[in-house]
Amino acid sequence: MAAIQTLTDDTFSELVGASDTPMLVDFWAEWCGPCKQIAPILEELAVEQHDRLSIGKLNVDENLKVAQQFSVMSIPTLILFKGGEPVARLVGAKPKGALLQELSAYL
């Protein structure tokens, strides 16, 4: 199984709602430099934190409905969902330590 799940408008509710662990969703786009910067960090977290955290990626250019539903205006935007509900939002690329620190209260 891939460490990071690819989400779409059609699969978002089902996959995020069915996650046994909190799910961090990366709202990103191909052309976004900071999104490319944070991608390897999310790959590491997906492997290292797999028992505490699921990670999904949603391309905002291809999946406008979900991006609009959660008022994503800047990318990368990371939204942490617990039980299918958003509980935290982080905007912009951050170093791994800062990401873990901000998420730790919810894991």
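**View 1. F81 and its ring neighbours.** At 1% relative accessibility, F81 counts as buried, because the cut-off for that label is under 20%. This is a predicted model, so keep that in mind for every view here. F12 gets the label too: its relative accessibility is 4%, and it therefore counts as buried. Searching the whole structure turns up three aromatic pairs. In one of them, F12 meets F70 in a tilted arrangement, with 5.6 Å from centre to centre and 50 degrees between the planes. That contact ties together distant parts of the chain, with F12 sitting in helix α1 (residues 12–18) and F70 in the loop between α3 and β4, 58 residues apart. F70 is buried, just as F12 is. F12 also pairs with F81, this time edge-to-face: the centres are 5.5 Å apart and the planes make 80 degrees. Here again distant stretches are linked, helix α1 through F12 and strand β4 through F81, with the two positions 69 residues apart. Put the rings together and you get a cluster of F12, F70 and F81.

**View 2. The whole sheet, strand by strand.** Five strands make an open sheet with mixed pairing, and the order across it is β1-β3-β2-β4-β5. β1 and β5 (85–91) are the edge strands; each has a single partner, so one side of each has no neighbour in the sheet. From one strand to the next, the twist averages 25 degrees. Two helices are worth picking out against this sheet. Helix α2 packs on it and touches β1, β2, β3 and β4, with a direction about 155 degrees from that of β3. Helix α4 (residues 96–103) lies across β2, β4 and β5, and runs at about 150 degrees to β5.

**View 3. Strand β3 and its two parallel partners.** β3 covers residues 54–59, and six of its six residues are buried. In a regular strand, side chains alternate between the two faces of the sheet. For β3, both faces are covered: S54, G56 and L58 are buried on one side, and I55, K57 and N59 are buried on the other. Strand β1 (residues 4–7) runs parallel to β3, and four bridges join the two. If you want a landmark for that pairing, find I4, whose bridge partner in β3 is I55. Strand β2 (residues 23–28) is also parallel to β3, with six bridges in between. Look for F27, which stands opposite L58 of β3. To get from β2 to β3, the chain passes through helix α2 (residues 33–48), and this β-α-β crossover is right-handed. L24 is another handy marker, as its bridge partner in β3 is I55.

**View 4. A lysine over a tryptophan.** Zoom in on K57 and W28 for a charge-and-ring contact. The charged end of K57 sits over the ring of W28, 5.1 Å from the centre of that ring. K57 belongs to β3, where it is one of the buried residues.

**View 5. Strand β4 between β2 and β5.** β4 is mostly covered, with five of its six residues buried. On the β2 side, the two strands run antiparallel and five bridges join them. D26 is a good place to start, since its bridge partner in β4 is L78. On the β5 side, the pairing is antiparallel as well, over six bridges. L78 turns up again here, with L90 as its bridge partner in β5. β4 and β5 form a hairpin with two residues between them, and G83 in the turn has a positive phi of about 60 degrees.

**View 6. The loop between α3 and β4.** Which peptide bond in this view is cis? It is the one from I75 to P76, with omega near 0 degrees. P76 lies in the loop that runs between α3 (64–69) and β4 (77–82). S71 is found in that loop too. Its backbone deserves a second look: phi of S71 is near 50 degrees, a positive value in a residue other than glycine. At 45% relative accessibility, S71 counts as partly exposed. F70, from the ring cluster in View 1, is in this loop as well, but F70 is buried.

Technical notes: Residues numbered from 1 in each chain as written. Predicted model: local features only at pLDDT ≥ 70, side-chain atom pairs only at ≥ 80, totals over all residues. Heavy atoms only, no water. Buried < 20%, exposed > 50% of the residue type's maximum accessible area, 1.4 Å probe, protein only. Pairing = 2+ DSSP bridges. Right-handed = clockwise from strand over helix to strand, strands pointing away. Phe/Tyr/Trp six-rings, centres within 6.5 Å; stacked < 30°, edge-to-face > 60°. Lys NZ or Arg CZ within 6 Å of the ring centre and 35° of its normal. Axes fitted to C-alpha atoms, helices over the stretch in contact; angles between N-to-C directions. Contact = heavy atoms within 4.5 Å.
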